[in-house]
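Here are my comments on the two-chain model, in numbered points. Please keep the coordinates open while reading.

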Amino acid sequence: MKRGGVGLSVYALAAFLFLHLPLLILAAFSFNASRFTVWQGFSLRWYAAALQDSQLIDASWNSLIIAAVATVVSTIIGTLCAYGLWKRRAPVLTGSLYLSLVTPEIVTGISLLAFYQWIFRFLRVQLGMHTVILAHISFSIAYVVIVVMARLRTVDAQLEEAALDLGANEWQAFRYVTLPVILPGVIAAALLAFTVSFDDYVITSLVAGVDSETLPMVIYAIARRGVNPVVNAISALIVVGFGGLILISERLRTR
Amino acid sequence: MNRLRAWFLAPSWAVMLALFLAPLAIILAYSFLTRGTYGGISLPWTTESYQRLADPIYLTILWRSFWIAGVSTVFCLMLGFPLALFISRSGKRKDLYLSLVMLPFWTSFLVRTYAWMFLLRDTGLINTLLEKLGLIHGPMPLLYNDGAVILGLVYGYLPFMVLPLYATLERLDRNLLEASADLGARPWATLMHVMVPLCASGIRAGAILVFIPCLGAYLTPDLLGGGKSVMIGNLIQNQFTTARDWPFGSAVSLALMAVVMLLLAALVRRNDEGLL
């Protein structure tokens, strides 16, 4: 068993390197003075270039606005939903939420596109920020429900019954008894929804209009043309930003 | 009590109906319509789009998608099992190791795919290093092939395999392994005849969680396969953009959904944990 233990540790180290090294290398080369994959000294020129690129800046703002709105709305709706499902079974709703999680992104994207185009026959609207935000709300809700549900399972239902016995109404029992207890789960769910929304390319690219290009869409367009150190710099920023958010989220979830 | 609870569910009902179920219903209808002259859709109702799925060109793409998703899943299982085993035996550091597995998963999927483009391309780090070391003359074609797609998928979805495997290994009674060894089983026999059967639910959950997104993958085959390695996801996207054949794109989408649901129905057991 001992010998197997050493082998397993070496293997695990290799696996962790496999998981993390590509991103670390990518980030390291964002500081490379050269455009090519040969180290020629430390430089911040690609970060400077990224900050001066108005297309990147606009796309980043779009992504932030979309992710922020979608996060707030889907967190509220998803939390209410998880609370509603806590004791009251709703198999069809639960089923559709799970179905939305396992549906391939490309299918979600094209079905939304077809749906929007159909709606546009009756309304004078076009694809744009609003269609992207609605799409993001729809695919984030299931994530929020699952995270908040996990938290709710640890809550003692008798607390709320006690509140009701002591004269609170249902809303007060939720607002002042249960919500404070599940709040870390709700915040974790919001951070998760934010990262899922900010990162989405497949669905977004299908339902975006001319005014709603997001950061992943710009990165994707550059990546398809080949490798560009500016993308390394943005990637490093995204990895650090997301990593930070998720660490906070994990802390809150397990607290 | 229940009345207010019902209202709590109303907004999510509304969103799921309007922005998930209705769109699916639309493509279900479209899949039975005819392609319009300028793209879009028109009457009459027909099952032609579904019949076209049997065309050898498309069957090849479907088959290739299953093959790539299957190989990726097997690699994830082989790479993920020892890692999950290691984490389940690492005592106090479990949480740290689990976070290390999850961290890349929650950093942008697009960025992680791009990282492999950066490493694998002709003038990428791997080729540059090998050339500097004099091991190769001229770059090896590492990018834009099925291998690169499989690598990208394994890298992307390995955490989905590790988590459910960890959950079952964590609960595994170590006495059973010792009993097996005491009774004379070699480590390999213990692994195959004791551990694997006891972890069946975790293996099933991990396999589903990896296979399903791999089967519907769009981004990875597009960026790492470079258009040469077309999978179902790319076929669907193409029908809705370049080819402008919405009925056929809808039919492929629904066929993909049907496969996903059949897989779930066949593999998910009511008592499976770690999944959903």
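1. Start with the buried residues of α10(B). They are Gly202(B), Ala205(B), Gly206(B), Ala207(B), Ile208(B), Leu209(B), Val210(B), Phe211(B), Ile212(B), Pro213(B), Cys214(B) and Leu215(B). That is 12 of the 16 residues of α10(B), so this helix is largely enclosed by the rest of the structure. Bear in mind that this is a predicted model.

2. What covers those residues? The cover of the buried residues of α10(B) includes α4 (91-102) of chain A. From chain B, it includes α3, α7, α12 and α13. Both chains therefore appear in the list, given that a contact needs C-beta atoms within 7 Å.

3. The geometry of α10(B) is easy to check. The helix runs over residues 200-215 and reaches 22 Å from its first C-alpha to its last. That is close to the 22 Å expected at 1.5 Å a residue.

4. Chain B as a whole has 13 helices and two strands. Its C-alpha trace spans about 70 × 70 × 35 Å along the principal axes. Of its 276 residues, 43% are buried. Take the contacts in chain B between residues at least 6 apart in sequence: 71% of them join residues at least 24 apart.

5. Chain A has 11 helices and zero strands. Its C-alpha atoms fill a box of roughly 70 × 70 × 30 Å, again along the principal axes. Buried residues account for 45% of its 255 residues. For contacts in chain A between residues at least 6 apart in sequence, 80% join residues at least 24 apart.

6. Now the contact between the chains. It takes 67 residues from chain B and 67 residues from chain A. On the chain B side, the elements that each supply at least two residues include α1 (2-31), α3 (56-88), α4 (94-106) and α13 (246-267). Which helix gives the most to this side of chain B? It is α1(B), with 19 residues. By class, the side of chain B that touches chain A has 51 nonpolar, 13 polar and three charged residues.

7. The largest nonpolar core has 152 residues. Those with the most contacts inside it are Val148(A), Ala189(A) and Met117(B). Helix α7 (residues 146-171) of chain B gives the most to this core, with 16 residues.

8. Met117(B) deserves a look of its own. Leaving aside neighbours within four places in sequence, Met117(B) is in contact with Ala223(A) and Val227(A). Within chain B, Met117(B) is in contact with Leu143(B), Leu223(B) and Leu224(B).

9. One of those partners, Ala223(A), is in helix α10 (residues 215-225) of chain A and is buried. Also buried in that helix are Leu215(A), Pro216(A), Val218(A), Ile219(A) and Tyr220(A). After α10(A) comes Gly226(A), whose phi is positive, near 130°.

10. Met257(B) lies in helix α13 of chain B. Buried or exposed? Met257(B) is buried, because 20 other C-beta atoms lie within 10 Å, and 20 or more is the cut-off. Not counting residues up to four places away in sequence, Met257(B) touches Thr103(A) and Val107(A). The C-alpha atoms of Met257(B) and Leu169(B) are separated by 31 Å, with their positions 88 residues apart along the chain.

11. Leu85(A) lies in helix α3 (residues 54-87) of chain A. Leu85(A) counts as buried because it has 22 C-beta neighbours inside 10 Å. Its contacts, leaving aside neighbours within four places in sequence, are Ala90(A), Thr94(A) and Met149(A). Leu85(A) and Met149(A) are 64 residues apart in sequence, but 8.2 Å apart in space, C-alpha to C-alpha.

12. Last, confidence. The mean pLDDT of chain A is 86, and 97% of its residues reach 70 or more. Among the elements of chain A, helix α9 (residues 202-207) has the highest mean pLDDT, 92. Helix α11 (residues 229-254) of chain A has the lowest, 80. Where pLDDT is low, the predicted coordinates should not be read in detail.

Key. Residues are numbered from 1 along each chain as its sequence is written. Chains are lettered from A and ligands numbered from 1 in the order in which they are written. This is a predicted model: local features need pLDDT of at least 70, side-chain atom pairs count only at pLDDT 80 or more; totals for chains, interfaces and linings use all residues. Helices (H or I, at least four residues) and strands (E, at least two) are DSSP runs, numbered from the N terminus. Two residues are in contact if their C-beta atoms, placed from the backbone, lie within 7 Å. Ala, Val, Leu, Ile, Met, Phe, Trp, Tyr, Cys and Pro count as nonpolar, Asp, Glu, Lys and Arg as charged, and the others, Gly among them, as polar. A nonpolar core is a set of buried Ala, Val, Leu, Ile, Met, Phe, Trp, Tyr and Cys residues joined through C-beta atoms within 7 Å. The expected span of a helix is 1.5 Å times one less than its number of residues. pLDDT is the predictor's confidence in each residue, from 0 to 100.
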